[in-house]
Each structure stands twice: as C-alpha cells, then as structure tokens.
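Hi,

Here is the structure I promised to pass on. Have a look at it first, and my notes on what turned up follow right below.

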Amino acid sequence: MKTFGERIADALIADGVLTPEQLSEVLESQKKQGGRMLKLLLERGYVTELDMISSMGRVVGAPPINLAKVHVPPEVLELVPKDMAISYKMAAVSRLGRKLFIAMADPLNVLALDELRRVRPNFEIVPLIATEKAVLDFLNQATAPDTHNIEQILKDADVSDVEVPKEQQEEINLDRLVESSEEGPVIKLVNLILVQAVKDRASDIHIEPFEKSVRLRYRIDGVLYDSAAPPKSLQAAIASRIKIMAHLDIAERRLPQDGRFRIKVAGRDVDLRVSVLPTVHGEKIVMRVLDKSTLNTKLENIGMDEDSLAKFRAAIDAPHGMMLMTGPTGSGKTSTLYAVLSHLNQPDVNIVTVEDPVEYQMHGINQVQVKSDIGLTFAAGLRSILRQDPDIVMVGEIRDSETADIAVKAALTGHLVLSTLHTNDAPGAVARLIDMGIEPFLVSSSVLLVCAQRLVRKICPHCKEEFVLPPESIRQAGLKEAEVAGATFYRGRGCGRCKDTGFLGRTAIHEVMAVSDAIREQILHDASAKVIRELAIKEGMKTLRESGLQKAKQGITSVDEVLRVTGREV
C-alpha cells in the first residue's frame, strides 16, 4: 500500500504539475539527505503550495480553500477555541445551518476532529484543506489587535492610568499583558501598539505630537502608513510609559534620549530601540523594531543573482582585504553584513565587531557597542580590536578619516575587514575613501569588493496579476521594445493580506563591483567614479537598476517599484 506522500506525488503527476523525472530526483535526494518528500518538492520549486493543496484535497476528499480571499465573521471564528485552533492548525471559516466548515492543514487528523466535535456537539464538522502557513497567517491576522479594540481602550483611558509595575523586567511578555484586564488603559494601549507593529512586520513605529493632535504611523516595507491615533490628552502618558519601559528618565523632557527594551510577542523575542526627541509640541518617539526571526542569516537568501553571489563569496572567503557595503540608511546594509558574519562564523576564526548600535546579538561573535560620550568611538574601538588577535573585523560604519585609515591598514596587515559607507553606488565608495584622505595606492591594494544595495517591495503573492507595461514605464526604465517583447510583468491588485498595497515583504537589489586589476590601475591613476563605473559595467557589473529590472522580469517586484528606489540612475 502506498504512503500518503506517494499518493500525493501520484496525484501531482496526474494533474500535470510534476514530472516523473522530478519525482525520481527528489526521491534520490531524500535517500541521501533525508527529509519529507513533499517538503523537498516545495523547496525545489517543482510544485507550488496551491498545486500541492489542490492535489492533497483530491486525495483526502477535502476541498481546498484560499484563506487569503475569505472574510470570516468574528462569531464564526470563535466557534473554534483559540488554543485548539493554534494547536491543531485549524480555523472556522463558515457556518451553514448545522454544518461548520473548518480549514485545516491536516484534514486527516482524527484527534483534532474528535476534539472539535466534543466541544461543538451540535455541529456537523466539514473539513477543508489549506497550507499550514496559510492557516497560521489567517489566525494571526484574525486575532490581531484592530482599530475597534484600540478605540475602546481610548474611550476608557484616563491620564491618571499611567501606573506601571514597580519592578521593571528586561523582557516584557506582551501576550500576557495585552490579555490582562488588570493593566491600566494606557499600558494596554502601548502594548497593543507594539503587538500591532510586530504582526504587521513594521520596522519602525512613529508617535508624533502636533499642536492639537498626535499621529501614529508604522513603517511597513519601507513606507509609512497612518494608524488609529491616540488623543492629545494621552500624549504625555504614552511617552512616560515608553520611557519607563526603555529605562529612560521620565522627568527629562528637554533633551533627546535613547534606550532599548525587549518584549515577547507570540513566543518571539523582539528588541525595540527607542529614540525620544523634544519638539515644540511635545516629545516625538520613534521605535525601531528588531525582530531576529526576520533576519536572513544565509547568503543564498539575500536576493543576489548567481554571478553577483559568486563574486561576493570570492571576496568574503579571501584571507585578508576589505569588503564594503554602500547605500542610504535603511537599505539593509547591516543585515547583509550579518548574513556574511553568519557564513564566516566558524570555531577556528576570531570575529570581533564594533557597532553603533549592536542591532542583533549573534552567538560566537564578539560585539562591541560604540559609546562616544566616554571616548569609545569607531576608531578607538577598532584600534583596541586589532590588539585582540582578530581574523575578521566588522566596523559598523566608516564615518571619518581616522576610522578609514585604521580599517585600510588592518586590511593590508592580514585581516578581513567588513564595513559600510554612505554612497549612492559601488564605484562611489572608492572616491569617498580617497576624499577621506586615504592614498589611492592604499585603496587599490586593500579593497576587494564594493556592493551597493537597495530594498524593493515584493509583489503580494495573494493578489498578483499580469499586466501590460505602459510605454511611459518602458521609456523611464530605459528599456527597449525588443527587451520587453517576450517578458511578462506583474503587479499587486491589493487585498486584505497586503492591506490593499499590492506589496508584501521586501527583497534586496545589488550592484556588485569586484576590484579587478584593471580597476586597481584606474584607482592608482586617481580616475573619477564615472570612469571606474564605466569600466566595471564593461567587466560585467549589473547596475542597481539592471538588478531591479531583472527581478521585475522574474515577477518578484514591479517596474514602478524599481524606478522609485533607483531614482534617476541611467
């Protein structure tokens, strides 16, 4: 008798979405490396989740359901207790008379169905099939704090409610605090703001005071979106609550302050970096959300094409030299460097970093926090690090000539140095170092590779649709009619999963310039960034725009998004 996985594979072949050769290849790999066959089929991209669910539904006799397009009334959703829904990965999606339709990741789970029949004996349970990820995403979305919850708290709130526990722990469990009715409305409101940020994948929370109002905004996928705002009367109370959580001085309202704290949301540890800035209408608060679970720690996942990744690997696997990441603030430079450090982090190497601030703490790596007020600058930290027998050094940012000089000399004396610079493109990093006073012969000898990076929003997979690229977009992108003749472009129509934006998540585009002998020769002759750029392109460097347009042709992002991020590049 065939196993469940084999029956699904047969159904996929019968449906024409999987070939026998692909199945044989996966089975051979499974024998050598282990793993679940169905998972391997998905990982290799031989079938999509929708294909898998459709075939599984036919085999088990449970119709598939697309949860992204389903709106479920709260009274129906509550028919499955929350703990049971999460434990068994099931969700009530519809009720028709005595029939209760349940979306499940595993419709053959007899224990789950029996337990639900015991809880709801008056209903006939009808299982539907969906992917495990789709069920969990649906449950997260359905149970997220909404505007009505926040508005109700605001109605009950009073400025005097800003009482906080006397003992302030380093880690605050928001799952417990949000559900606790004993906490004051202001505390619950702040907790809801934080939980909403994590569930919406926000990178920043902005609380901005104006003369007669307060604005609350979340930065999601690089774009700020307005949210339900608290009243002006709660401005000081909210600021005090956040300052206490971040161990800041609540009495000091005239000077900027910086702090951080950790929260626990849905079992995940999330760090928040807090910046308080006095303005004419009160204190503006910005919180950077640092969710380690969203950090890409594999080089394969940072979004580079094969050719660029090969150059990138060659540079970071070199015994010594300097590799630079460039781009504006918020372009993911540091996250890419963390992926590099994770790749290089082995028991036989000593890795030390100096950062401002240390955004993510990594096991096995010695990380130093810059403290300029006591003299621990990038330059001072780097100078001390070099006395710690390092093999690999990461400098958060090269900001001045002293740091640049020490970093370059470290790269020339047997260390691999990783760092970032604020320049618009890869060739501009060379000119920037020379402007800082580094001699051209030192730059040409030390720099192995420069990588410019930007982040572009990805098209939402739940509302993705084909569309014809307008002539104006073709002209702005610098494309020729022949280049787009056979290409299919996509856009997001907008749905509940992406909050009607058409985008969900972000990926990086790169401009990778390996410093060849020809480029070194140009640097020695003090060539301009334009000359170096032209030579690098001649040697095969893809520009940021070319990298972005390649992703647009692959259906990952849109042409308009690439143009928005790359600006006037030609």
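Threonine 353 in strand S12 has methionine 394 in strand S14 as its bridge partner. This is a predicted model, so you should know that local features need pLDDT of at least 70 and side-chain atom pairs count only at pLDDT 80 or more, while totals for chains, interfaces and linings use all residues. Residues are numbered from 1 along each chain as its sequence is written, and side-chain values use heavy atoms, with hydrogens and water left out.

Back to the strands (DSSP runs of E, at least two residues; helices are runs of H or I, at least four residues, and both are numbered from the N terminus). S12 (residues 351–355) and S14 (residues 392–395) are parallel and share four bridges; two strands pair if DSSP finds at least two bridges between them. S12 also runs parallel to S13, again with four bridges, and there valine 352 sits opposite asparagine 366. Five of the five residues of S12 are buried, meaning under 20% relative accessible area with a 1.4 Å probe and protein chains only (exposed is over 50%, partly exposed in between). Ile351, Thr353 and Glu355 cover one side, Val352 and Val354 the other.

After S13 (366–369) comes a loop leading to helix H15 (378–385), and serine 372 lies in it. Is serine 372 buried or partly exposed? Serine 372 is partly exposed, because its relative accessible area is 48%. Its C-alpha atom is 9.5 Å from that of aspartate 356, 16 residues away along the chain.

Next, the inside. The largest nonpolar core (buried Ala, Val, Leu, Ile, Met, Phe, Trp, Tyr and Cys residues joined through side-chain atoms within 4.5 Å) has 44 residues, and Met322, Leu324, Met513 and Ile519 have the most contacts inside it. Helix H16 (residues 401–412) gives the largest share of this core, six residues. Another core, of 33 residues, lies apart from it and includes Ala202, Ile263, Leu272 and Val276.

Helix H12 (residues 235–245) is worth a look too. Nine of its 11 residues are buried, among them Gln235, Ile238 and Ala239. Histidine 247, which follows H12, has a positive phi near 60°.

H12 also takes us to the holes. On a 1 Å grid over the protein atoms alone, a cavity is a set of points where a 1.4 Å probe fits but cannot get out, and a pocket is an open set with protein on both sides within 12 Å along at least five of seven lines; lining residues have an atom within 4 Å of a point. Points are joined across faces, edges and corners, and a volume is the space filled by probe spheres set on them. How many cavities of 30 Å³ or more are there? The count is one. The largest cavity has a volume of about 60 Å³, and H12 gives the most to its lining, with three residues.

The second largest pocket has a volume of about 620 Å³. Of its 26 lining residues, Arg36, Leu42, Met56, Ala105 and Glu132 are the closest to its centre. Helices H1 (4–14), H3 (37–43), H4 (49–60) and H8 (132–143) each supply at least two residues of that lining.

Cheers
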